Amino acid sequence: MAISRPLGARLLSFLESKKNLAGSACGLVGVGLTLTGVAGTYWPVVVAGLYGAGALVAPPDVAAPPVPPEPAEQLGFVREDFARLQEYVGEVDLPAEPAEVLTGLLELYAAMLEPGWVAGVLAADPEAVHSLTRAIRTDVPECVDTYNRTRWWTRLTAGGESPERHLERQLTLLREEAERMTADLRETEARRQQTHTTYLEGRRES
């Protein structure tokens with residue numbers, strides 16, 4: 001349900017709007033015409049008409065788009081989501097093989113989200129932050145949830161590929177994605193180290 005703003009806030013917003021400012025400017029022109037005698041006895045109509053015309057042609061106010069959080073700030077929200085994810089999957093009874101893959105996957109996520117320089121490296125890569133956020137908020141919960149739902153139906157109608165195999169495959173793909181992510185971050189640090197070595201070597205030769 002939408003919550004209306006207080007009357008004072010709405011009034012202040014209207015007074016500061018482009019339509020009111022444009023209408024007021026045109027209304028002042030009407031006042032000027034009145035003072036010079038051009039408007040005559042119909043000056044209230046002239047002033048109101050000019051105000052309305054100005055307000056009508058003025059462009060509407062457009063709300064500024066929301067500013068997305070910085071990657072470092074976003075990691076704080078992702079850590080909260082990850083804590084909820086751990087609590088959720090901890091209450092689900094999974095088969096041994098998918099559970100083992102999931103455990104390794106969550107360990108990778110935890111290592112990347114650990115506060116300190118590791119998280120700093122991650123925060124410097126917005127694409128990696130996006131991928132990790134998507135996996136924690138959407139992919140892993142979806143894997144576990146669909147497994148639970150499909151397993152329930154499978155008990156009623158046997159046949160087809162088992163939900164356990166699908167779950168294990170999904171989690172394996174996510175783990176491979178996480179391993180590629182950590183490899184890319186490691187490569188970033190390796191390039192940084194090599195760059196510093198090159199810099200020191202060049203400084204020695206100069």
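Start with helix α8 in this predicted model. Its 43 residues should span 63 Å at 1.5 Å a residue, and the C-alpha atoms at its two ends are indeed 63 Å apart, so expectation and model agree. Along this helix, the buried residues are Pro163, Leu167, Leu171, Leu174, Ala178, Met181 and Leu185. Look at how many of those numbers sit three or four places apart, then remember a bit of helix geometry. An α-helix has 3.6 residues a turn, so residues three or four places apart point the same way.

Now zoom out. The chain has eight helices and zero strands, so reading along the sequence gives you α-α-α-α-α-α-α-α. How much of the chain is buried? Of its 206 residues, 24% count as buried. The accessible surface comes to about 14,200 Å², and carbon and sulfur atoms account for 61% of that. As for contacts between residues at least 6 apart in sequence, 72% join residues at least 24 apart.

A word on confidence before going further. The mean pLDDT of the chain is 79, with 65% of the residues reaching 70 or more. Confidence is lowest in helix α1 (residues 7–15), where the mean is 56, and highest in helix α5 (residues 96–113), where it is 93.

That makes α5 a good next stop. This helix has 18 residues and reaches 26 Å from its first C-alpha to its last, close to the 26 Å expected at 1.5 Å a residue. Its buried residues are Pro98, Val101, Leu102, Gly104, Leu105, Leu106, Tyr109, Met112 and Leu113.

Tyr109 deserves a closer look. Which residues have the most contacts inside the largest nonpolar core? They are Tyr109 and Leu122, in a core of 33 residues. Helices α4 (71–90), α5, α6 (117–123), α7 (126–156) and α8 (163–205) each supply at least two residues of this core, and α7 gives the most, with nine. In soluble globular proteins, nonpolar side chains tend to be buried together.

Who does Tyr109 meet? Setting aside neighbours within four places in sequence, Tyr109 is in contact with Phe82, Leu132, Ala135, Ile136, Val140, Leu174 and Ala178. You have already seen Leu174 and Ala178 among the buried residues of α8. Tyr109 has a relative accessibility of 1%, so this residue counts as buried.

Phe82 is part of another story too. The structure holds one aromatic pair, and Phe82 and Tyr109 form it, edge-to-face, at 6.4 Å centre to centre with 80° between the planes. Phe82 lies in helix α4 and Tyr109 in helix α5, so the pair ties together parts that are 27 residues apart in sequence. Phe82 is buried as well, with a relative accessible area of 6%.

Finish in α7, with two residues worth finding. Val144 is in this helix, and its relative accessibility is 0%, so it counts as buried. Beyond neighbours within four places in sequence, Val144 is in contact with Tyr88, Val89, Val92 and Leu167. Take Val92: this residue and Val144 are 52 residues apart in sequence, yet 8.1 Å apart in space, C-alpha to C-alpha. Leu167, for its part, is one of the buried residues of α8.

The other residue is Thr133, also placed in helix α7. Is Thr133 buried or exposed? At 7% relative accessibility, Thr133 counts as buried. With neighbours within four places in sequence left aside, Thr133 is in contact with Gln74, Val78 and Thr138.

Terms used: Residues are numbered from 1 along each chain as its sequence is written. Side-chain values use heavy atoms; hydrogens and water are left out. pLDDT is the predictor's confidence in each residue, from 0 to 100. Helices (H or I, at least four residues) and strands (E, at least two) are DSSP runs, numbered from the N terminus. Buried means under 20% relative accessible area, exposed over 50%, partly exposed in between (1.4 Å probe, protein chains only). Contact means heavy atoms within 4.5 Å. Accessible areas come from the Shrake-Rupley method with a 1.4 Å probe; for residues, only the protein chains shown count as cover. A nonpolar core is a set of buried Ala, Val, Leu, Ile, Met, Phe, Trp, Tyr and Cys residues joined through side-chain atoms within 4.5 Å. The expected span of a helix is 1.5 Å times one less than its number of residues. Rings of Phe, Tyr and Trp (its six-membered ring) pair if their centres lie within 6.5 Å; planes under 30 degrees apart count as stacked, over 60 as edge-to-face and the rest as tilted.
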